[in-house]
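This report describes the pocket lining and the nonpolar cores of a single chain. The account rests on a predicted model.

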Amino acid sequence: MLPEHDKEPQGDLSLRLVSEIRELVATARQQVVQAVNSTMVQTYWLIGRLIVEDEQQGDSRAAYGKQQLQRLSGELTREFGKGFDVINLRNMWRFSEAFSKRETVSLKLSGSHYNHLSRIENASARLWYQQEAIQQGWSVRALECQISTLYYEWLLSSQDRKPLSWLTPQERNVMCCTCSGR
């Protein structure tokens, strides 16, 4: 049995009409996904910022107690359901700390991208990976691969310091043997 979109329209229905409507619906669905992603990234950053501000209470640096995150997780999970376990709250905190200025957060990347980026201690490397992920359209897996193979550090240590510009973005996405096998 053919999928619905592979079937010919019945009767005098125009193929062009069906095709244009399919395109509109597909575009609308993609826009909804992008809007949800943007809202979630902003919300996660704001939650992280609130945790940081509550944690520090005027101190330049403070350690947030596990008990506090446990209680916060319990309260948020009771009210909103899954997604607010201690690990996720810690990731939101780390995200907000790594990208302390809201303007540095691009809504072109997902929360999963930022989860990986936030783990990079070197701010210059983190910024480079963020910019490359945006410009090259890296998937989360491609970003993870580039980070795990220390691509930024490799570029810095190479003689000519030029990116692998002879590769297409798709080829750079899979240049890591550990990623291409997954």
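The largest pocket is lined by Asn37, Met40, Tyr44, Gly83, Asn88, Asn91, Met92, Phe95, Gly111, Ser112, Tyr114 and Asn115. Two or more residues of this lining come from each of helix H1 (15-56), helix H3 (86-98) and helix H4 (111-117). The volume of the largest pocket is about 220 Å³. By class, its lining comprises five nonpolar and seven polar residues, with no charged ones.

The largest nonpolar core contains 21 residues, of which Phe99, Tyr114, Leu117, Tyr129 and Trp138 touch the most other members. At least two residues of this core are supplied by each of H1, H3, H4, H5, helix H6 (140-148) and helix H7 (151-157). H5 provides the largest share, four residues. A second, separate core has eight residues, among them Phe84, Val86, Leu89 and Met92. In soluble globular proteins, nonpolar side chains tend to be buried together.

Glutamate 132 lies in helix H5 (residues 123-136). With a relative accessible area of 14%, glutamate 132 falls under the 20% limit and is therefore buried. The table sets out contacts for glutamate 132 and for tyrosine 129, leaving aside neighbours within four places in sequence.

| Residue | Residues in contact |
|---|---|
| Glutamate 132 | Gly137, Trp138 |
| Tyrosine 129 | Leu117, Ile120, Trp138, Leu143, Gln146, Ile147, Leu150, Tyr151, Tyr152, Glu153 |

Trp138 thus appears in the contacts of glutamate 132 and in those of tyrosine 129.

Definitions and conventions. Residues numbered from 1 in each chain as written. Predicted model: local features only at pLDDT ≥ 70, side-chain atom pairs only at ≥ 80, totals over all residues. Heavy atoms only, no water. 1 Å grid on protein atoms, 1.4 Å probe; cavity = no way out; pocket = protein on both sides within 12 Å on 5 of 7 lines; lining within 4 Å. Points joined across faces, edges and corners; volume = space filled by probe spheres on them. Nonpolar A, V, L, I, M, F, W, Y, C, P; charged D, E, K, R; others polar. Buried < 20%, exposed > 50% of the residue type's maximum accessible area, 1.4 Å probe, protein only. Contact = heavy atoms within 4.5 Å. Core = buried A, V, L, I, M, F, W, Y, C linked by side-chain atoms within 4.5 Å.
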